[in-house]
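Good morning, colleagues. Please have the structure open as I speak; I shall take a single residue as the starting point and then turn to the metal sites.

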Amino acid sequence: MSASAENKARLSPESAGIAPAAPGPWKIMIVDDDKSIHAVTKLALSAYSFHGRPVAWLDAYSGEEAVQLVRQHSDVALVLMDVVMETDSAGLDAAQRIRDELRNPFVRIAVRTGQAGVVHEEEVVRRYCIDDYREKTELTATRLFTLVHTSLAHYDQLRTLEDARAQTELVVALSEAIEARSPDTGNHLRRVAAYSRLLAQLAGLDQASTHLLYLAAPLHDAGKIAIPDAVLHKPGAHDEAEAEVMRSHAEIGRRIFGNHESPVLQAAAIVAGQHHERWDGQGYPNGLAGEHIHIYGRIIAIVDVFDALTHPRCYKEAWPLKSALEYLAQESGRRFDPALIELFMQNLDQFIEIYNRLRDPDGTVH
Ligand SMILES: [Fe+2]
Ligand SMILES: [Fe+2]
């Protein structure tokens, strides 16, 4: 390595372990007792890559070998599986063992058979969750390309969903931990999540963005974990010094989540950091105005206040619904995004439905 290259390597964020490791190649396994099939397949896809990642090939020559290789490489994305090898159904038996014995639901399996009609296609596809079933003679280079492309996209999607599921569980656990210390009792966090999802849908956010907001919404006040109990739980009004301490929860929340790359935590950083900004720029912590406030922040600002007003807090009684709505209307274009307030009012029945469905057990609804 030259001196300058060495310097570059030392100074790059990767070397400091800041950037995530680049994803490796897609592992694709060819299972066939005919060696020439391995060679032909690799040749047909020699220049292939997907999402900028090339292919790393794994070779197995029997069903048994295929199962052992998948056991060693649980991150195999796709298995191109022959049927007739050591037995007439070796490939199908291997597919079954991958699903049932190895419990690997992610790897995509495409069956390529030399003999049609040995087993009925539909039954095989269903029983072993197989993505594709073709006779080898059907597999032109173009069809092979399409098959691999579709399978890798499907695999990638399954993995992403699984990651999201794991993240969701963590975020829910975190929300519950925060709720346990929060003076905002009852279903406040659940209602804020449900209202924010509804308002996001009404505002035309796509499904993924809406779902991220739904997950992140219960974390809007996470920064309060750093607020001393005496201030957080004080009945009655805060003096100016205490109010200042309370206001710090927005910036603290942003910092807690802001260093993380996960989309849910990025959303949480926005929600925590911007839910007290105001449309007219008079909010905190940064005095952002109008659309400089992320739509997540503008949505949470509305639904958090709406819910706080319509339920009792340690420092106040619940307001009647009518008064709360009057407040929202009055603050449209001042505290709140007028377009979002309009959507809220136009679809009030749906918000009321959530309000009734998630009311607190002590029945403090007016
Ligand atoms: Fe807050
Ligand atoms: Fe709140």
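**A helix residue and two iron sites**

I begin with Glu242, which is located in helix α10, spanning residues 240-258. Please bear in mind throughout that this is a predicted model.

Is Glu242 buried or exposed? Its relative accessible area is 18%. The cut-off for a buried residue is under 20%, so Glu242 counts as buried. Which residues does Glu242 touch, once neighbours within four places in sequence are set aside? They are Val231, Lys234 and Ala237.

Helix α10 also brings us to the metals, since His249 lies in this helix. His249 is one of the protein donors of the iron ion (ligand 1), and it binds through NE2. The other donors are Asp221, through OD, and His275 and His276, each through NE2. These donors lie 2.1 to 2.3 Å from the ion.

What is the geometry of this site? The angles among the four donor atoms run from 82 to 167 degrees, and the site is classed as irregular. A tetrahedral assignment would require all angles to lie between 85 and 135 degrees, so the range of 82 to 167 degrees does not meet it.

Along the chain, the donor residues of the iron ion (ligand 1) follow the spacing D-x27-H-x25-H-H. Within this set, Asp221 sits in the loop between α8 and α9, while His249 is in helix α10; the two are 28 residues apart and link distant parts of the chain. Both Asp221 and His249 are buried.

I turn now to the second metal. The iron ion (ligand 2) is 5.3 Å from the iron ion (ligand 1). Its protein donors are His188 (NE2), His220 (NE2) and Asp304 (OD), at 2.1 to 2.3 Å. Their spacing in sequence is H-x31-H-x83-D. Here again distant parts of the chain are linked: His220 belongs to the loop between α8 (207-216) and α9 (229-232), and Asp304 to helix α12 (residues 295-309), 84 residues apart. His220 and Asp304 are both buried.

Finally, a word on confidence. The mean pLDDT of the protein is 86, and 89% of the residues score at least 70. Over residues 1-21, however, the pLDDT is below 50, and this stretch has seven contacts in the model beyond near neighbours in sequence. Where is confidence lowest, and where is it highest? Helix α1 (residues 3-11) is lowest, with a mean of 39, and helix α14 (residues 338-346) is highest, at 98.

Terms used:
Residues numbered from 1 in each chain as written. Chains lettered and ligands numbered in written order. Predicted model: local features only at pLDDT ≥ 70, side-chain atom pairs only at ≥ 80, totals over all residues. Heavy atoms only, no water. pLDDT = per-residue confidence, 0-100. Helix = DSSP H or I, 4+ residues; strand = E, 2+ residues; numbered from the N terminus. Contact = heavy atoms within 4.5 Å. Buried < 20%, exposed > 50% of the residue type's maximum accessible area, 1.4 Å probe, protein only. Donors = N, O, S within 2.8 Å, 3.2 Å for Na, K, Ca; no water. Tetrahedral: all angles 85-135°; square planar, octahedral: opposite > 155°, others 65-115°.
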